[in-house]
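Reader: I am new to this structure. Please pick one strand and take me through it closely.

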Amino acid sequence: MAVKFEDWQDVKVAFEVARLGTLTAAAEALNVHHSTVLRRINNLEKNLNTRLFHRHARGYKATETGAKLFNTAQVIDNSLEQLHNDIAAADSTLRGSLLLTTVSGFMDVLGDVCEQFQALHPQVQLEMILEQKRLRLDHGQAHIAVRAGPRPNEGDYIAQHLAQLNSGLYANQRYINKYGMPKSLSDLQQHNFISGVAGFNARVPYFEWVDQHIAAPQIKLRVSETSEATRAVIKGLGIGGLQHNVAAQYANLVPILSNELIWCTDIWLVTHHLVHRTAKVQAFSQLLKTYFQTNKVS
């Protein structure tokens, strides 16, 4: 009887489990629920009438039959990825869509560059994907990424250093009028703070500092986006971290212990090598680099 693949998505999901070793890791990579991954695997094994995985306490390991299937799936995945990137690399016109990804707090920095780009290239539609999770440039999820932190080290990516952004603690003047100005680190124990939700703080240095040095009852608000933390500080809900260049846009924000508390973060322009030299990517990248060089953003 011929092998029947009723749904190729089942193969893709099972391939991710084989590649990553656990249902949880595959679910996170595919951005689906854990139960969906399990259902897809069970469906594929039922349709093929064979076992594809050995289940054990540490995760999933492909059987001999599964390994053969997933080797073929790897070849197909590589071919589709190459096809996607070849099509994107062939784009030498300044029209269509350009996908940018960064975290939401960076819109204050990128807004001017986007405005310049739109004025120069009105036939290109910018799509800004504001996502804390890092999108896969090699899978075409975005053309350009602006990332914060250590230098990206993915093998096929091109990372260019844009700037080092400095951040500190700030509060609205109304908040200071109500609760007073902290004069020392010990004074901070008498104030309200804004931080990030669990699992997000390690990516944002001032959120991480607050969680390590400020008592939990003092953290009156937690957010999942840096832009929302900025709005909360502007509204006077507490003391929170902001990039200096962002805080400078709001006259009613007051720096807190600026000599004692400062965090430095490297910012990177990241592209995939197969689309790096396309017209749209180069046009936006040059504007972005010029903006950081000219404005000395810090």
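**A close look at strand β6**

Author: Start in the middle of the strand: alanine 163 of β6 stands opposite isoleucine 267 in β11. The model is predicted, so local features need pLDDT of at least 70, side-chain atom pairs count only at pLDDT 80 or more, and totals for chains, interfaces and linings use all residues. Residues are numbered from 1 along each chain as its sequence is written, and side-chain values use heavy atoms, with hydrogens and water left out.

Strand β6 spans residues 157–172. Strands (E, at least two residues) and helices (H or I, at least four) are DSSP runs, numbered from the N terminus. Of the 16 residues in β6, 13 are buried. Buried means under 20% relative accessible area, exposed over 50%, and partly exposed in between (1.4 Å probe, protein chains only).

Now the partners. Two strands pair if DSSP finds at least two bridges between them. β6 and β11 (residues 263–272) run antiparallel, joined by 10 bridges. β9 (residues 240–243) is also antiparallel to β6, with 4 bridges. β10 (residues 253–256) has 4 bridges to β6, again antiparallel.

Leucine 169 deserves a stop. It stands opposite glycine 241 in β9. Its bridge partner in β10 is isoleucine 256. Setting aside neighbours within four places in sequence, leucine 169 is in contact (heavy atoms within 4.5 Å) with several residues. Among them are Leu188, Phe193, Trp209, Ile239, Val254, Leu261 and Trp263.

Leucine 169 also belongs to the largest nonpolar core, which has 30 residues. Such a core is a set of buried Ala, Val, Leu, Ile, Met, Phe, Trp, Tyr and Cys residues joined through side-chain atoms within 4.5 Å. Leu169, Leu188, Phe193, Trp209, Ile239 and Ile256 touch the most other members. At least two residues of this core come from each of β6, α6 (173–179), β7 (193–196), α7 (205–213), β8 (219–223), α8 (226–234), α9 (244–247) and β10. Apart from it lies another core, of 23 residues, including Cys114, Ile144, Leu165 and Leu287.

For contrast, look at two exposed residues elsewhere. Tryptophan 8 sits in helix α1 (residues 8–20). Tryptophan 8 counts as exposed because its relative accessibility is 54%. Lysine 68 lies in helix α4 (residues 64–89). Lysine 68 is exposed too, with a relative accessible area of 58%. From lysine 68 to glycine 111 is 43 residues in sequence and 49 Å in space, C-alpha to C-alpha.
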